[in-house]
Amino acid sequence: MRIVVVTSGKGGVGKTTTSAAFASGLALRGFKTAVIDFDVGLRNLDLIMGCERRVVYDFVNVVQGEAKLTQALIKDKHVDTLHILPASQTKDKDALTEEGVEKVIKELEAMGFDYVVCDSPAGIERGALMALLFADEAIVVTNPEVSSVRDSDRILGILQSKSRRAIEGRDPVKEHLLVTRYSAKRVEEGEMLSYKDIQELLRVPLLGVIPESDAVLHASNQGVPAIHLKGTDVAEAYADVVSRFLGEDKPLRFVSYEKPSLIKRIFGGT
Amino acid sequence: MSEEVRFESGRFEGIVVRSPLVSPARLADVLHKRFAGTESYFGGEPAVLDFSEVSDWPEQVDWSGLVAFFRRLGLQPIGVRGVPESFDAALKRLHLAVLDEAAMRLEAAATPKPVKPPPPPPESPSSAEPLVPAPTKFIERPVRAGQQIYAPEGDVVLLAGSNPGAEIIAAGSIHCWGPLRGRVLAGAGGNLQARILATHFGPELVSIAGIYRTFENGLPASIANRSVQVKLQINQGQNQLLIEPIDTL
């Protein structure tokens, strides 16, 4: 079993959107996948996955021994091999203990899961530390702006000092960079950092670039992970991300901007 | 497992702070520039505060303020030297050792006596300089925002550079292969010979032996992202930072 943390340091960059899409993508490939919401107190993942009305027990209930893991895991309505472990809305972040999280992870392994995706809260406090503690790999979600890049850098440093792998001196957590909310047009106009600038700064292998799109907003309002939005660039970009994560070679898409030609500008069309 | 408790005579490394000032406020003023406002400049080393250079002792000394000040710098004051006896009671209350007597006893122990000497204070005057060169710290991964690399003795070699918001502090020189960003302080113990060498120069602050420079308005094109050396040069009796590109022929 591989444990993948989706983290960023900064809030609002697309961690939960990415966790939902990425976990769904792994499940679509046939892997038995669990996605855990570590944002205790501000649960969002269940909304984006469209299962908020089926939440009876949550992660904290399991950690505190009030419910069994099998009772709290919610089966995804789109993909059979995907399960969601929602966060609690009423408890605070201190409810997550190291032993409790470890117990849940061991149990997931015993249940035969291939991947566990941990959706980290923003910040560098307890919740975020718990989310990255057991990680084998990390997807660091970054927006093309300086403060987001700085926070990602900070969280990368924490990954390499506070994760179990780091503490026990095992092979380091494998790092992946995912640039989200990317607008090739605004990069072209010099308003945004390019993905190359970001990669040069962070020096982490690039897993993908997700274009800025209204489709993401629609998807989260409808409770559908973005990867299921057939025909959108966002869904395709996330599918590429999953492919690259699994070791397939996919060229980057949606990163260059072509000015609309004169004819297009006059007659419209796409 | 053995439960035997052993008392061994041993030496340990520490820092001696020789200060002609005893007012925490004055010290803060004087040292603010030296450490460029860096909190926890040191890495928690034990420290002996030596006040034998104080010429005019005031009636009252804010000892707890002094201890707090040095703690903020990242030192752990364990004792004092060169303090008039009238302060003994105050020092005892703060659990600070008065080390003058111990140092004297150590000297007495040099004449043959069948008594085992007490553990010497750190860096006693009789301690010989170690012949082994100070170890170099090699850092293979990028030093990231919020991370600090601290080498209290030797050099630091960064093999993957450092990022904005990182802090590199070395008693010796700092060598960087790759982008050098963040705050970079060489010669932290006062070593005027220390240098900073980088293949891709771009820090927010450089300092050698406490003489520092910030680059608020960006770096001059002649040094930005180029191979650069930073060292001290004496100009009209003053130490000045010299920051210049390294000519790669």
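Is Cys176(B) buried or exposed? I looked this up and found Cys176(B) buried, at 2% relative accessibility. The cut-offs I used are under 20% relative accessible area for buried, over 50% for exposed and partly exposed in between, with a 1.4 Å probe and protein chains only.

Notes on the source. I worked on a predicted model, in which local features need pLDDT of at least 70, side-chain atom pairs count only at pLDDT 80 or more, and totals for chains, interfaces and linings use all residues. Residues are numbered from 1 along each chain as its sequence is written, chains are lettered from A and ligands numbered from 1 in the order in which they are written, and side-chain values use heavy atoms, with hydrogens and water left out.

Cysteines. I also checked Cys51(A), which is buried with a relative accessible area of 1%. I then looked for disulfides (cysteine sulfur atoms within 2.5 Å) and found 0 over all chains.

Interface. I recorded 14 residues from chain B and 12 residues from chain A in the contact, where contact means heavy atoms within 4.5 Å. Arg141(B), Arg144(B) and Ala145(B) lose the most area to chain A, together 53% of what the chain B side buries. For both chains I noted a buried area of about 990 Å², 41% of it on carbon and sulfur atoms; this is the accessible area (1.4 Å probe) that two parts lose on being put together, summed over both.

Salt bridges. I found 2 across the interface of chain B and chain A, taking a side-chain nitrogen of Lys or Arg within 4 Å of a carboxyl oxygen of Asp or Glu. Arg144(B) pairs in this way with Asp153(A), and the closest N and O atoms are 2.7 Å apart.

Val116(A). I placed Val116(A) in strand E5 (residues 115-119) of chain A; strands (E, at least two residues) and helices (H or I, at least four) are DSSP runs, numbered from the N terminus. Val116(A) is buried, at 0% relative accessibility. Leaving out residues up to four places away in sequence, I listed what Val116(A) touches, including Met1(A), Val4(A), Ile36(A) and Leu108(A). Val4(A) is 112 residues away along the chain, yet its C-alpha atom is 6.1 Å from that of Val116(A).

Helix H2 of chain B. I noted Trp63(B), Gly65(B), Leu66(B), Val67(B), Phe69(B) and Phe70(B) as the buried residues of this helix (residues 63-72). Their cover includes helix H1 (24-34) and strand E3 (75-81) of chain B. Just after H2(B), I found Gly74(B) with a positive phi of about 95 degrees.
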